[in-house]
Amino acid sequence: MLNSPMPTSRPFETCLSFRVTSYDVDYVGYAHNMVYLRWLEDLRIAMLAPHYALERFVREGISPIIVRTTIEYKKPLRLFDTFTGTIWVSDLLGVRWTVQHELVRDEHLVAQAEQFGVFIHLASGRPARAPAELMEKYLAIDHDRA
């Protein structure tokens, strides 16, 4: 997403509101880079919940695992700022997945992120195919609609 055009649809799009708290900021009052990763995790868990909850993944012995995260910080977030995070799946194929994130404060993009991952079997650590039910939901979405 960082250098690619906006998609025409956003499968599994989910939005959450956040507020920067005292434990989120560094010594100069900006949201710490590590906090962004927690917000991205909160968004991923919320996105999965209605489609294939993390608890279900674990119960079935598989898990989505992150292999790479890229974040582009556009504007700083400071103590007490409120913002909206949006996530959607941009690719889900076999054992791989990609999600896009946007963090917006007052209608201004403050950060965007892209995460790449795989599914693994928890017992062996070996790659696992995406659950069939999740793939069916993803493929049922009309990717060409505006």
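Visitor: What makes helix α1 (residues 33-52) and helix α3 (residues 132-140) roughly perpendicular to each other?

Guide: In this predicted model, their axes come within 10 Å and cross at roughly 100°. Axes are lines fitted to C-alpha atoms over the stretch in contact, with angles from 0 to 180 degrees between N-to-C directions. Angles of 65 to 115 degrees count as roughly perpendicular, so that's what α1 and α3 are.

Visitor: Which residues make the contact?

Guide: Pro-50, His-51 and Tyr-52 of α1 meet Glu-133, Leu-134 and Lys-137 of α3, where contact means heavy atoms within 4.5 Å.

Visitor: Why is the Tyr-36 and Trp-39 pair called edge-to-face?

Guide: Rings of Phe, Tyr and Trp (its six-membered ring) pair if their centres lie within 6.5 Å; planes under 30 degrees apart are stacked, over 60 edge-to-face, the rest tilted. Tyr-36 and Trp-39 sit 5.2 Å centre to centre with 70° between the planes, so edge-to-face it is.

Visitor: And what makes Phe-57 and Phe-119 stacked?

Guide: Their centres are 5.8 Å apart and their planes differ by 15°, so both cut-offs are met. Phe-57 lies in helix α2 and Phe-119 in strand β5, so the pair ties together parts 62 residues apart in sequence. Both are buried, meaning under 20% relative accessible area with a 1.4 Å probe, protein chains only.

Visitor: How do you know that Arg-10 lies over the face of Trp-88?

Guide: Arg-10 is at 3.7 Å from the ring centre; the rule asks for NZ of Lys or CZ of Arg within 6 Å of the centre and within 35 degrees of the ring normal.

Visitor: What are the ground rules?

Guide: Residues are numbered from 1 along each chain as its sequence is written, and side-chain values use heavy atoms, leaving out hydrogens and water. Local features need pLDDT of at least 70 and side-chain atom pairs 80 or more, while totals for chains, interfaces and linings use all residues.

Terms used. Helices (H or I, at least four residues) and strands (E, at least two) are DSSP runs, numbered from the N terminus. Angles under 35 degrees count as roughly parallel, over 145 as roughly antiparallel, 65 to 115 as roughly perpendicular and the rest as oblique. Buried means under 20% relative accessible area, exposed over 50%, partly exposed in between (1.4 Å probe, protein chains only).
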